[in-house]
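Please read these notes with the structure open beside them. Each point can be checked on the screen.

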Amino acid sequence: METVRVVCAHDCPDMCSLLAHVEDDKVIRVQGDPDQPYTAGFACAKVNRDAELVHSPERLTTPLRRTGPKGSGQFEPISWEAALDEIASRWTAIIAESGPEALLGYAYSAHQGQMNRHIVNGLFHALGASRLQAGTVCDTCCETAWDLTLGPVGSADPESVVDSDLVIAWGCDLMAVNVHFWAKVEALRKKGVKVVVIDPRRSRTAASADWHLPIRIGTDAALVLGIVHILVRDGLCDRAYLAANTLGFEPWERDVVPRFTPEYTAAVTGLAIADIEKLAAMYGAAKRSFIRIGEGMTRLARGGQALRAVASLPAVTGAYGRQGGGALLMTAASMDFKFGFVKKPSGPATARQVNHLRLGDDLLNLKDPPLRSILIAANNPAVTCPEANKVRAGLSREDLFVVVHDPFMTDTARYADIVLPATTYLETQDFYRAYGSYYMQYAPAAVAPQGQAWSNFRLAQALARRLGLTDPVFRMSEQEILPEFFRGATGAVAHVDPAKVIGGGPIKVAPSGGQEFRTPSGKLEIYSAALAAQGLSPLPDWQPDEEEVRDAARWPLRLLTAPSYFQPHTAYSGVQFLRKREGEPFCVLNPSDAARRNLADGQKVRLYNERAAVGLILRVGDEITEGVILVPGQRPGAEAVDGTINMLCSDRLTDMGEGACYQSTFLDVEAWDRPAARA
Ligand SMILES: Nc1nc2c(c(=O)[nH]1)N[C@H]1C(S)=C(S)[C@@H](COP(=O)(O)OP(=O)(O)OC[C@H]3O[C@@H](n4cnc5c(=O)[nH]c(N)nc54)[C@H](O)[C@@H]3O)O[C@H]1N2
Ligand SMILES: Nc1nc2c(c(=O)[nH]1)N[C@H]1C(S)=C(S)[C@@H](COP(=O)(O)OP(=O)(O)OC[C@H]3O[C@@H](n4cnc5c(=O)[nH]c(N)nc54)[C@H](O)[C@@H]3O)O[C@H]1N2
Ligand code: SF4
Ligand SMILES: [Mo]
């Protein structure tokens, strides 16, 4: 048995170092690498099963060409030569007739290292195709709001939490999405440090913490303002820190904060006045409070305001200036790698942009030129994109040439004209850098590609060469490209010798000192001139959103989507064990909401609104409050009673960063066997 040191490539902040145990070119077992301090020798329950992902009997083994109607899933095997010839000739003709903007490369980060994730978009960049505004389904709202407040910088090192005196998981289910940080927090708790969870759901993290505040969805900015109100009232602000390091506290304190009395804050957030007072007192007394900020609170209409408010809070007590204090959203921006060599090898300075989350609308409605072909890699938009029915209708267009590259026959791949089998990360070599810690690592492939699977890297290079692109990136090996990531880098990355990275194991590249601010003023911008220029509130504020108020008057329930424990992304749906552990796709309703509708645990129900109807299994439980319906994960339609949750979600954009508004979805639920009372 051989042991290969690899890196977990799943879309997860932890970026664990792993040991893959390999026998006869087969992964037998995967475990956490004990030599990486953050991984600390354990992988999560999902990745413990990645041997089954690599060797799943459901893996695609050859390229396929469609033989039946779009979406029917009828295909015949073809050779890679035939597939690549067809793609190259179709694209060459489309470029000649309609220009390159009739093409769209739709590749996202999921589950690979930096070379494989960027090179597909690099190919389309060089071709001058329409450009994907990537990540709007995920983190662009929180990232933009963070950048407007602190600047494009990373946040606190998760390993610094050992020095904290209070930990708040604010809208983050650590046990689901950040287990290695949770392990650090648990150790700290044993020393008596309190852990508070602010989340509409009593998640596993909330249930295990010292205190859970079940906040009403979309009211986080109001809670922050209520806390600041009390900190001001009780003289608990660090005035010296605020004066030296922030911009705009004075107008905030004068014009916005006074509205958020404990009474008003309680009315908005659904929390008790006494709890708001207690939380503010705890936060005010702590010197080195650490807030782990989750993304869930930003996936709704006013998500940007929520994030700006929460990210401003550690400045009020000066926690940003102290070791163990501050906030953690993402770290990547403080690791200055230069991925442009792969992402933007050549091509026009600007090209038409397509918002990742507006795929359905753009496939159906873009003109001059309409989209005529799309390559989807490492993405499952028929399930994971809002307006999933529009995505499916768009992909069904007879005049759209669809190519999907994936290890599995996903809901999206069923709409393809050509399906190409992809490797998983354990079959590729790549360079990795975390977005939730400060580590980087180069990893070899653990095993050879399964069947006829090709990596994104190999596919993009082969297509580029066929299409006559001459950029060096399309001819170099991964190891030859690696030094380009360090050329011209600044900060901690500049001190790394790229020659020592291959075979070097995990390397930490953390910034030193307290939280850095890289805004136009060089300070934490509570007041943002950039937002004022856009006509948005320049100070973090909470106001009701008119569209949400209107929809809430029409529909009695509000959707909460959160990661599920065993199927957090559809990428895990090829592992039968994890599918079974998670169970059939389900929703959770509070007992009183279920009783009001005569619905019982375990029965099939229909979730519906003006957009669609979806069938799921009902679970009744009090982990959520009345008026909320929880749907964990995004699950493929074929596994559910019927459809997938994103059919009910609109493609509306958040206030900042043009992100997705899953949590701004309102709906009702009824028994599945009842005739549909559709809107
Ligand atoms: N192991 C593993 N980890 C992962 C992933 C994975 O596949 N596997 N996926 C990764 C990816 S792509 C991402 S983007 C991150 C996402 O991870 P997070 O940043 O944690 O964001 P979410 O998972 O969307 O939501 C987290 C929590 O926010 C809560 N929430 C929802 N709305 C609100 C609100 O209005 N206010 C408050 N206070 N809370 C709210 C939800 O109940 C949920 O518990 O996780 C990553 N982590
Ligand atoms: N309603 C609702 N919708 C959401 C969310 C939510 O909270 N609520 N969360 C959103 C978030 S945060 C995210 S990040 C997105 C995630 O959505 P997606 O980006 O679509 O991610 P996955 O569902 O994991 O699908 C990734 C696909 O990549 C394939 N894959 C894995 N490895 C490789 C590889 O090496 N090469 C290629 N070519 N393919 C590979 C997998 O098999 C899988 O089909 O979903 C978003 N959608
Ligand atoms: S915790 Fe995250 S990085 Fe670690 S093994 Fe699990 S999915 Fe991978
Ligand atoms: Mo994400």
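The points below go from the whole chain to the three ligands and then to two details of the backbone.

1. Status and overall form. This is a predicted model. The protein chain contains 23 helices and 27 strands. Computed along its principal axes in the computed model, the C-alpha trace spans about 70 × 65 × 55 Å. How does the radius of gyration fit a compact globule? For 679 residues such a globule would have a value near 26 Å, and the protein chain has 25 Å, so the two agree.

2. The start of the chain. UniProt, in an unreviewed entry, lists residues 1-58 as "domain: 4Fe-4S Mo/W bis-MGD-type". That name comes from the record. In the model, this span is 9% helix and 34% strand. The C-alpha atoms at the two ends of residues 1-58 are 25 Å apart.

3. Surroundings of ligand 3. Which residues are around ligand 3? They are Cys 8, Cys 12, Asp 14, Met 15, Cys 16, Cys 44, Val 47, Val 179, His 180 and Tyr 572. By class, the shell has eight nonpolar residues, one polar and one charged. When checking this on the screen, note that the cysteines in the list are Cys 8, Cys 12, Cys 16 and Cys 44.

4. Surroundings of ligand 1. There are 33 residues around ligand 1, and those that come nearest are Asp 11, Asp 199, Asp 220, Glu 295 and Arg 299. The shell divides into 19 nonpolar, six polar and eight charged residues. Helix H5 (174-177) and strand E22 (557-562) each give at least two residues to this shell.

5. Contacts and cover of ligand 1. The side chain of Arg 299 has an N or O atom 2.3 Å from an oxygen atom of ligand 1. For Asp 199, a side-chain N or O atom is 2.6 Å from an oxygen atom of the ligand. Ile 198 takes part through its backbone, where an N or O atom lies 3.2 Å from a nitrogen atom of ligand 1. How much of ligand 1 does the protein cover? On its own the ligand has 920 Å² of accessible area, and the protein covers 96% of it.

6. Surroundings of ligand 2. Around ligand 2 there are 29 residues, with His 111, Asn 379, Thr 384, Asp 406 and Thr 570 coming nearest. Their classes are 12 nonpolar, 14 polar and three charged for the shell as a whole. Domain 2 (64-134 + 344-508) and domain 4 (546-671) each contribute at least three residues to the shell.

7. Contacts and cover of ligand 2. An N or O atom in the side chain of Asn 379 is 2.6 Å from an oxygen atom of ligand 2. In the case of His 111, a side-chain N or O atom is 2.7 Å from an oxygen atom of the ligand. Ala 378 places a backbone N or O atom 3.3 Å from a nitrogen atom of ligand 2. The protein covers 95% of the 920 Å² of accessible area that ligand 2 has by itself.

8. A cis peptide bond. Where is the cis bond? The peptide bond between Asp 368 and Pro 369 is cis, with omega about -10°. Pro 369 sits in the loop between helix H15 (359-365) and strand E15 (373-377).

9. A positive phi. Asp 24 is not a glycine, yet its phi is positive, at about 50°. The loop that holds Asp 24 runs between strand E2 (17-23) and strand E3 (26-32).

Key: Residues are numbered from 1 along each chain as its sequence is written. Chains are lettered from A and ligands numbered from 1 in the order in which they are written. This is a predicted model: local features need pLDDT of at least 70, side-chain atom pairs count only at pLDDT 80 or more; totals for chains, interfaces and linings use all residues. Side-chain values use heavy atoms; hydrogens and water are left out. A residue is near a molecule or strand if one of its heavy atoms lies within 4 Å of it. Ala, Val, Leu, Ile, Met, Phe, Trp, Tyr, Cys and Pro count as nonpolar, Asp, Glu, Lys and Arg as charged, and the others, Gly among them, as polar. UniProt positions are given in the numbering used here, feature names are shortened, and annotations may be inferred rather than shown by experiment. Helices (H or I, at least four residues) and strands (E, at least two) are DSSP runs, numbered from the N terminus. A polar contact is a pair of N or O atoms within 3.5 Å; within protein, one must be able to donate a hydrogen and the other to accept it, and residues adjacent in sequence count only if both atoms are side-chain atoms. Accessible areas come from the Shrake-Rupley method with a 1.4 Å probe; for residues, only the protein chains shown count as cover. Domain bounds come from an automatic or database domain assignment. The radius of gyration is taken over C-alpha atoms; the globule rule is 2.2 Å times the number of residues to the power 0.38.
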